[in-house]
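Biologist: I'm new to this one, so could you walk me through it? I'll ask, you explain.

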Amino acid sequence: MSENSFTEEVTARAADSGANASARFQERQARAAGGVVDHERVALLAGKAVKALNDLVLEEQVTYEEYNAFKAWLIKVGEEGEWPLFLDVWLEHSVEEVANQDREGSKGTIEGPYYLEGSPELPWNGTIPMRPDEPGTPFVFKGQVTSTDGAPLPGAKLELWHADNLGFYSQFAPGLPEWNLRGTFVADDEGRYEIHTIRPAPYQIPTEGACGQLIEAAGWHAWRPAHMHFKVHAPEHQLITSQLYFPGDPHNEDDIASAVKPELMLDPQPNPDEEGEITVYDFVLDPAR
């Protein structure tokens with residue numbers, strides 16, 4: 001599929017995903033709330049952020065016209081529910097680097113705005129929930145979850161979610177079954193898994209709203225390369241959140257979310273046993289601290 005034809009499909013249906021992402025994030029955050037506020041830390045971070053913005057204004061001689069346009073744009077981001085989209089695309093990759101800088105096991109990357117808790121639990125060699133006639137290339141993803149010492153992690157759980165072959169995520173686009181292309185797979189006694197799904201498509205992040213307005217004004221592109229999202233966890237080990245990518249995608253080198261890493265590249269091969277492709281990728285989890 002060409003980028004032009006894909007753009008036409010996405011533009012017709014991407015509306016409302018930003019507001020949906022905001023609502024989902026607020027639900028999760030409400031369940032996780034209750035920690036003690038570290039006032040010194042808040043003052044430090046907020047103070048540095050405000051100083052950086054003021055330094056930018058002075059360095060670039062920002063005008064009132066530009067200031068007011070920026071203020072109006074910030075208001076629009078909030079009104080359209082696109083703060084999760086904005087932050088996950090342009091900031092989360094740096095937060096993730098800080099969070100995982102000391103890991104010895106598998107590399108992580110950003111979660112993104114389209115994660116949902118509670119996807120259906122499936123056996124180690126299961127098929128992800130999908131429509132009976134799900135379009136796309138059949139794709140088998142297999143491997144093993146181990147600890148950093150090489151020991152298998154039986155019963156490890158792999159939460160998988162990804163876009164369909166038009167670039168849409170279930171529960172964030174109309175017309176898709178609730179848990180389409182979302183599932184939690186339980187590894188076998190040797191930590192192994194064999195997941196049957198379809199190969200996802202690259203897609204543009206939603207461009208109808210405030211984030212799209214920024215992209216257009218800056219002359220940027222809105223593309224993310226094709227990828228599969230994972231959260232992998234096992235008892236007494238650290239959770240890893242990751243995305244895995246496909247070689248040859250034109251946007252592996254300039255992903256708008258800056259989330260691609262060489263260690264996260266898959267190696268799909270023709271499946272000798274059935275139609276489609278197959279790949280092997282192992283996850284290595286760090287022990288809990």
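Modeller: Happy to, and keep in mind that this is a predicted model. Let's begin with the record.

Biologist: Which residues does UniProt list for "domain: Intradiol ring-cleavage dioxygenases"?

Modeller: That name comes from an unreviewed UniProt entry. In the model, the span it covers is 0% helix and 41% strand, and its end C-alpha atoms lie 19 Å apart. The residues listed are 141-169.

Biologist: In what order do the 5 strands of the open sheet come?

Modeller: The pairing in this sheet is mixed. β1 (121-122) and β9 (240-245) each have a single partner strand, so they stand at the edges with one side lacking a neighbour in the sheet. From one edge to the other, the order is β1-β4-β3-β8-β9.

Biologist: Which residue in β8 stands opposite Leu-158?

Modeller: Start with the strands: β3 covers residues 157-161 and β8 covers residues 227-233. They run antiparallel and are joined by 5 bridges. Opposite Leu-158 you'll find Val-232.

Biologist: What about β11: which residue there is the bridge partner of Lys-142?

Modeller: Strand β2 (residues 138-147) runs parallel to β11 (residues 277-280), with 4 bridges between them. β11 also pairs with β10, this time antiparallel and through 2 bridges, and there Gln-269 stands opposite Ile-278. For Lys-142, the partner is Val-280.

Biologist: And which residue takes a positive phi in the hairpin of β10 and β11?

Modeller: That hairpin has 6 residues between its strands. The phi in question is near 105 degrees, and the residue that takes it is Gly-276.

Biologist: Where is Glu-236 found?

Modeller: Glu-236 has a positive phi of about 65 degrees, although it isn't a glycine. With a relative accessible area of 70%, Glu-236 is exposed. Its place is the loop between β8 and β9.

Biologist: How far does helix α4 reach from its first C-alpha to its last?

Modeller: Helix α4 runs over residues 64-79, which makes 16 residues. At 1.5 Å a residue you'd expect 22 Å, and the model comes close to that. The helix reaches 22 Å.

Biologist: On to charges. How far apart are the closest N and O atoms of Lys-51 and Asp-55?

Modeller: Both residues sit in helix α3 (residues 39-60), and being 4 residues apart they are separated by about one helical turn. Lys-51 is exposed at 51% relative accessible area, while Asp-55 is partly exposed at 34%. They form a salt bridge, and its closest N and O atoms are 2.8 Å apart.

Biologist: Is Lys-261 buried or exposed?

Modeller: Lys-261 forms a salt bridge with Glu-96, with the closest N and O atoms 2.9 Å apart. Lys-261 lies in the loop between β9 and β10 and Glu-96 in helix α6 (residues 92-99), so the pair ties together parts 165 residues apart in sequence. The cut-off for buried is under 20% relative accessible area. At 11%, Lys-261 counts as buried.

Biologist: Which residues are joined with Lys-261 into one network?

Modeller: Glu-96 counts as buried too, at 7% relative accessibility. Salt bridges that share partners join Lys-261 with Glu-96 and Glu-97.

Biologist: Last one: which residue forms a salt bridge with Arg-131?

Modeller: Arg-131 is partly exposed, at 21% relative accessible area, and its partner is buried at 3%. The closest N and O atoms of the two are 3.5 Å apart. The pair links distant parts of the chain, the loop between β1 and β2 and the loop between β3 and β4 (182-186). The partner is Asp-164.

Notes:
Residues numbered from 1 in each chain as written. Predicted model: local features only at pLDDT ≥ 70, side-chain atom pairs only at ≥ 80, totals over all residues. Heavy atoms only, no water. UniProt positions renumbered as here; feature names shortened; annotations may be inferred. Pairing = 2+ DSSP bridges. Expected span 1.5 Å × (residues − 1). Buried < 20%, exposed > 50% of the residue type's maximum accessible area, 1.4 Å probe, protein only. Salt bridge = Lys/Arg side-chain N within 4 Å of Asp/Glu carboxyl O.
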